[in-house]
Amino acid sequence: MSTITALPTQAAETTHPQAESGARRTRSLGRYVAPDTGQAREVVSLPRPDGSTLVIDYQLGTLSDGRLVAQLTPDEPPENASIVGEMYLADDTKGRCRSVTPEDFDLTRHATPSHPDIHAPTSVDAVKDADGHVYRIRELPTRGTMPELRWTRSCEPGREFGFDAVSLRDVVAAVETYEPARPLTVQALTSAGSHVSIRRLREEYERLAGSPIVLNRALREAVQRELRLGALSMSEIALRCGRVKRDARGNTSGETSWLARRIGQMPEGGGDRPCPWIHTDVLARIARDGLCISPHEVEL
């Protein structure tokens with residue numbers, strides 16, 4: 001599994017050359033070491049003359065390989081750049097950022113949001129699980145002075161009326177995929193007004209992004225693919241992982257129940273549903289030793 005090594009840094013005003021003549025003052029939001037290349041990189045916010053802000057991921061030192069993390073519109077609070085930067089640094093996947101282009105620095109061009117408006121009727125603003133329950137971010141009342149943004153789950157399948165508050169992790173577990181719940185969360189956090197609290201939702205996002213417990217769906221599908229092809233058996237995969245059991249006669253075989261529980265095919269002891277989560281160390285062990293593939297091939 002990929003991990004991000006953070007470099008000690010403090011937010012500071014620095015000057016970076018840009019695609020146009022001259023230079024513009026930027027603010028450092030943090031640094032990290034890319035696990036695939038070992039390169040030190042820096043995330044910065046760049047204010048534009050029209051009041052908008054670019055959040056860019058550069059290769060530290062050379063300022064090359066610029067990646068556009070976000071474009072924040074002039075009406076967004078200034079602290080949104082820091083929020084986006086912190087979430088980006090905490091996310092091991094780093095999302096799918098496009099390369100920076102000269103048009104991004106065009107003084108005559110107004111920046112547009114890099115994310116769709118979650119309130120627009122044409123945008124995807126909800127998630128639905130296999131049973132038809134609808135998950136949506138809403139403003140919920142609290143005991144404090146302001147409401148808070150929370151993920152909610154409809155009490156009845158296919159109905160919007162009647163819902164309970166759930167965590168972002170609950171949403172991801174229900175649909176066994178990080179998309180679109182994760183980007184919808186980012187959209188909600190970066191577009192929220194000052195009248196609503198985002199503290200809890202932001203903490204849920206950061207915990208999900210930094211947790212070593214990940215979804216096991218892709219690993220399960222890889223195991224099932226090997227079984228369909230007849231290349232491996234559950235027992236052989238478990239044996240390769242060092243999970244051995246012996247019968248009364250001393251015959252050895254793989255502990256298939258251990259494997260079935262780890263890949264979400266069988267409930268844990270006392271549970272009624274398979275668990276959709278697995279620790280990254282166990283995922284890597286099953287991938288490398290059991291399936292002889294790279295763990296990256298079974299990451300979501």
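Student: In this predicted model, where is the place of Pro180?

Tutor: Pro180 is found in the loop between α2 (168-175) and α3 (181-191), and the peptide bond that leads into Pro180 from Glu179 is cis, with omega near 5°. Most peptide bonds are trans.

Student: Which residue in the loop between α2 and α3 has its place given as well, and why is Glu176 called partly exposed?

Tutor: Glu176 has its place in that loop, and its relative accessible area is 23%; because partly exposed covers values between the 20% limit for buried and the 50% limit for exposed, Glu176 counts as partly exposed. Glu176 also has a positive phi of about 55°, although it is not a glycine.

Student: What makes Cys292 exposed?

Tutor: The relative accessible area of Cys292 is 57%, and since exposed means over 50%, Cys292 is therefore classed as exposed. Cys292 lies in the segment after α8 (280-291) and, although not a glycine, has a positive phi of about 60°. Most residues other than glycine have a negative phi.

Student: How do you know whether Gly132 counts as buried or exposed?

Tutor: Gly132, in the loop between β8 (127-128) and β9 (134-140), has a relative accessibility of 14%; because buried means under 20%, Gly132 counts as buried.

Student: What does Gly132 touch, not counting residues up to four places away in sequence?

Tutor: With those residues set aside, Gly132 touches Pro157 and Gly158, while Arg159, 27 residues apart from Gly132 in sequence, is 8.4 Å apart from it in space, C-alpha to C-alpha.

Note on methods
Residues are numbered from 1 along each chain as its sequence is written. This is a predicted model: local features need pLDDT of at least 70, side-chain atom pairs count only at pLDDT 80 or more; totals for chains, interfaces and linings use all residues. Side-chain values use heavy atoms; hydrogens and water are left out. Helices (H or I, at least four residues) and strands (E, at least two) are DSSP runs, numbered from the N terminus. Buried means under 20% relative accessible area, exposed over 50%, partly exposed in between (1.4 Å probe, protein chains only). Contact means heavy atoms within 4.5 Å.
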